[in-house]
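Got the structure open in your viewer? Let's take a walk through it, one selection at a time.

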Amino acid sequence: MKKKLVVLTGAGISRESGISTFRDSDGLWRKYSFMQLASVEGWQQYPEVVLDFYNARRRQLLEVEPNKAHILLAKLERWFDVTIITQNVDDLHERAGSSHVLHLHGELAKVCSSANKEERTCIVTRPLDNDIHIGDKANDGSQMRPYIVWFGEPVPNMPIAMKVVVDADFFIVVGTSLSVSPANILVNYTGASYNYVIDPNDVMVPDGFFHIKKPATDGMSMLYSLLKRFAGYE
């Protein structure tokens with residue numbers, strides 16, 4: 001039976017593919033705060049601005065590709081039972097070939113109802129070049145919105161993520177400073193014998209974790225070789 005390998009990823013892994021973050025945004029978006037673009041209150045006050053912002057982020061995904069870190073994580077499925085828990089809303093893990101990806105903060109490739117966000121029939125995949133406009137309706141007749149977890153909204157996949165982390169044999173944190181709640185509490189649930197943090201910065205490394213102080217692609221290249229040996233293939 002394959003060992004369970006769980007990976008928590010954040011903005012750092014996608015940044016190496018060219019994905020910009022809120023903090024990297026410029027131009028028009030500097031006129032609006034992070035909270036205005038990523039909260040229920042911002043959506044209610046500036047719906048067109050919020051849609052324009054997420055439409056731009058959706059289109060950006062068409063211009064980028066998975067990087068080596070994404071690809072190596074997908075390749076680890078040869079030897080491990082891999083689950084990716086990601087704070088990222090892009091689809092780069094899926095495009096790299098990972099088959100078990102749990103998104104904590106939603107997905108840019110999906111849209112949903114603004115009235116019944118978690119109603120299964122109201123969540124659909126929409127082509128990234130097909131912008132969302134005011135007047136576009138979800139299946140329940142309400143205004144369509146991005147399928148993103150905004151500030152002030154619950155994170156529905158957190159209970160699943162906690163259970164996955166508890167059952168892990170290996171736990172890897174890649175490209176996140178562990179400063180975003182509630183995702184950062186997942187490190188407290190690890191039942192793994194081997195725990196790693198890959199980040200080039202002086203992040204707060206939890207007790208029991210080994211810090212690989214490298215960018216995501218370099219750190220994953222190093223850890224991939226180690227994990228391959230653990231699996232008995234080198």
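Start with the lining of the second largest pocket: its residues split into 4 charged, 2 nonpolar and 1 polar. Here Ala, Val, Leu, Ile, Met, Phe, Trp, Tyr, Cys and Pro count as nonpolar, Asp, Glu, Lys and Arg as charged, and the others, Gly among them, as polar. Select E107, K110, E118, R120, I123, Y147 and N157 to see that lining. The pocket has a volume of about 190 Å³.

What counts as a pocket? On a 1 Å grid over the protein atoms alone, a pocket is an open set of points where a 1.4 Å probe fits, with protein on both sides within 12 Å along at least five of seven lines; lining residues have an atom within 4 Å of a point. Grid points are joined across faces, edges and corners, and the volume is the space filled by probe spheres set on the points.

A quick word on what you are viewing: this is a predicted model, where local features need pLDDT of at least 70 and side-chain atom pairs count only at pLDDT 80 or more, while totals for chains, interfaces and linings use all residues. Residues are numbered from 1 along each chain as its sequence is written, and side-chain values use heavy atoms, with hydrogens and water left out.

Now zoom out to the whole protein chain. You should find 8 helices and 9 strands; helices (H or I, at least four residues) and strands (E, at least two) are DSSP runs, numbered from the N terminus. The C-alpha trace spans about 55 × 35 × 30 Å along its principal axes. Of the 234 residues, 50% count as buried (under 20% relative accessible area; exposed is over 50% and partly exposed in between, with a 1.4 Å probe and protein chains only).

Next, select R145, which sits in strand β6 (residues 144-148). Is R145 buried or exposed? At 3% relative accessibility, R145 is buried. Leave out residues up to four places away in sequence, and R145 still touches W43, V111, C112, S113, S114, K117, I132, W150 and E153. Touching, or contact, means heavy atoms within 4.5 Å.

One of those neighbours is C112, so click on the cysteines next. How many disulfides does the whole structure have? A search finds 0, where a disulfide would be a pair of cysteine sulfur atoms within 2.5 Å. For C112, the nearest cysteine sulfur belongs to C122 and is 8.4 Å away. C112 is buried, with a relative accessible area of 1%, and C122 is buried too, at 5%.

Move on to the loop between β7 (170-174) and β8 (194-198), where you'll find S177. S177 is partly exposed, with a relative accessible area of 38%. Setting aside neighbours within four places in sequence, S177 is in contact with D199 and V203. Try a distance label to N201 as well: N201 and S177 are 24 residues apart in sequence, and 8.2 Å apart in space, C-alpha to C-alpha.

For the last stop, pick Y189, in the loop between β7 and β8. Y189 counts as partly exposed, at 34% relative accessibility. Which residues does Y189 touch, not counting those up to four places away in sequence? They are M162, V165 and V166. Draw one more line, from Y189 to M220: these two are 31 residues apart along the chain, and their C-alpha atoms are separated by 22 Å.
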